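Hi everyone, thanks for making time today. I'd like to walk you through a structure that is probably new to most of you, so please have a look at it first.

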Amino acid sequence: MTTNNQSINNKRKILKSIILAFFIGTIVLLVAVLPAEYGIDLLGTGKLFGFSKLHKKEVEMNKISTLSLNFKKITLNDVGSSTDILKPIEANNPPPKQQFLKREDVIKVIVPAKKGIEYKVKMLKYGSMKYEWSTTDKIVFTDFHGEVKQDNPPKDVFYESYTVAYSNNMGGTLTAPFEGKHGWYFKNLIDNDVVVIIKLKGEYELFN
């Protein structure tokens with residue numbers, strides 16, 4: 001009789017544990033998992049405890065990832081001048097004995113809807129410049145490049161691309177490979193104007 005009672009008690013304990021685990025699992029599912037993973041908030045607890053925000057962030061990240069896949073792939077043919085434009089001999093000029101004075105600037109560039117615009121600075125050969133640019137959240141096409149300074153430049157000038165990308169933010173350091181104009185071409189991909197903020201620090205001069 002004692003053995004049978006113990007067996008029955010053990011079965012009851014196991015059954016209670018299963019029921020309790022199922023009950024706790026159901027609560028966790030309703031309170032946290034459904035709002036966070038699927039955006040389903042039956043009890044309103046997802047909003048109360050902030051779990052719904054996790055789902056919103058995941059959806060936003062998925063949208064960004066999807067958008068990024070829709071851009072045209074950048075290839076070697078998109079980088080720099082075409083092969084029939086020769087590099088000017090001025091690119092081989094020696095560097096100056098003295099670089100431009102160091103300075104810092106913050107520039108606001110408005111890129112019109114569905115259009116492109118350039119912003120460049122003057123740099124001497126082997127001059128160094130740190131840069132950072134960003135939009136609020138809009139992605140633009142950008143070609144960071146340099147053009148060799150020539151006394152009589154042709155209609156189709158030679159240029160060398162440093163970075164070509166789709167982005168809303170970028171930073172780095174440039175050591176100018178030749179004297180000339182160095183900067184960005186921004187292409188706006190949307191129907192509204194995009195504001196680009198450029199921060200510069202180093203050895204360069206602005207165009208008037």
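**Salt bridges and surroundings**

Let's begin with a count: there are 7 salt bridges here. Please keep in mind that this is a predicted model. As a general reminder, side chains of opposite charge can pair when their charged atoms come close.

Here is one of them: Glu160 pairs with Lys87, and their closest N and O atoms are 3.6 Å apart. Glu160 belongs to strand E5 (residues 159–167), while Lys87 sits in the loop between helix H3 (51–68) and strand E1 (102–111), so this pair ties together parts that are 73 residues apart in sequence. How accessible are the two partners? Glu160 is partly exposed, at 26% relative accessible area, and Lys87 is also partly exposed, at 46%.

Now please find Lys181 and Glu147, whose side chains meet in a salt bridge of 3.5 Å, N to O. Lys181 is in strand E7 (residues 180–188) and Glu147 in strand E4, so parts 34 residues apart in sequence are tied together. Is Glu147 buried or exposed? Glu147 is buried, because its relative accessible area is 13% and buried means under 20%. Lys181, at 35%, counts as partly exposed. This pair has company, too: salt bridges with shared partners join Glu118, Lys120, Glu147 and Lys181 into one network.

Another salt bridge links Lys138 and Asp137, with the closest N and O atoms 2.9 Å apart. Lys138 is partly exposed at 34%, and Asp137 is partly exposed at 48%.

Let's step back to the whole chain. The protein chain has 3 helices and 9 strands, and from the N terminus on, the helices come before the strands. Of its 208 residues, 29% count as buried. Among contacts between residues at least 6 apart in sequence, 77% join residues at least 24 apart.

Thr142 is a nice place to look inside. This residue is in strand E4 (residues 140–148) and is buried, with a relative accessible area of 1%. Leaving out residues up to four places away in sequence, Thr142 touches Trp133, Thr163, Val164, Ala165, Met170, Trp184, Tyr185 and Phe186.

Finally, the outside. The chain exposes about 14,500 Å², with carbon and sulfur atoms supplying 57% of that. Which residues make a nonpolar surface patch of about 460 Å²? They are Leu20, Phe23, Ile24, Ile27 and Val28. Ile27 is in helix H1 (residues 2–38) and counts as partly exposed, at 37% relative accessibility.

Thanks for listening!

Note on methods
Residues are numbered from 1 along each chain as its sequence is written. This is a predicted model: local features need pLDDT of at least 70, side-chain atom pairs count only at pLDDT 80 or more; totals for chains, interfaces and linings use all residues. Side-chain values use heavy atoms; hydrogens and water are left out. Patches are made of residues with over 30% relative accessible area and no salt bridge: like charges are joined within 9 Å, nonpolar side chains (Val, Leu, Ile, Met, Phe, Trp, Tyr) within 5 Å. Accessible areas come from the Shrake-Rupley method with a 1.4 Å probe; for residues, only the protein chains shown count as cover. A salt bridge is a side-chain nitrogen of Lys or Arg within 4 Å of a carboxyl oxygen of Asp or Glu. Helices (H or I, at least four residues) and strands (E, at least two) are DSSP runs, numbered from the N terminus. Buried means under 20% relative accessible area, exposed over 50%, partly exposed in between (1.4 Å probe, protein chains only). Contact means heavy atoms within 4.5 Å.
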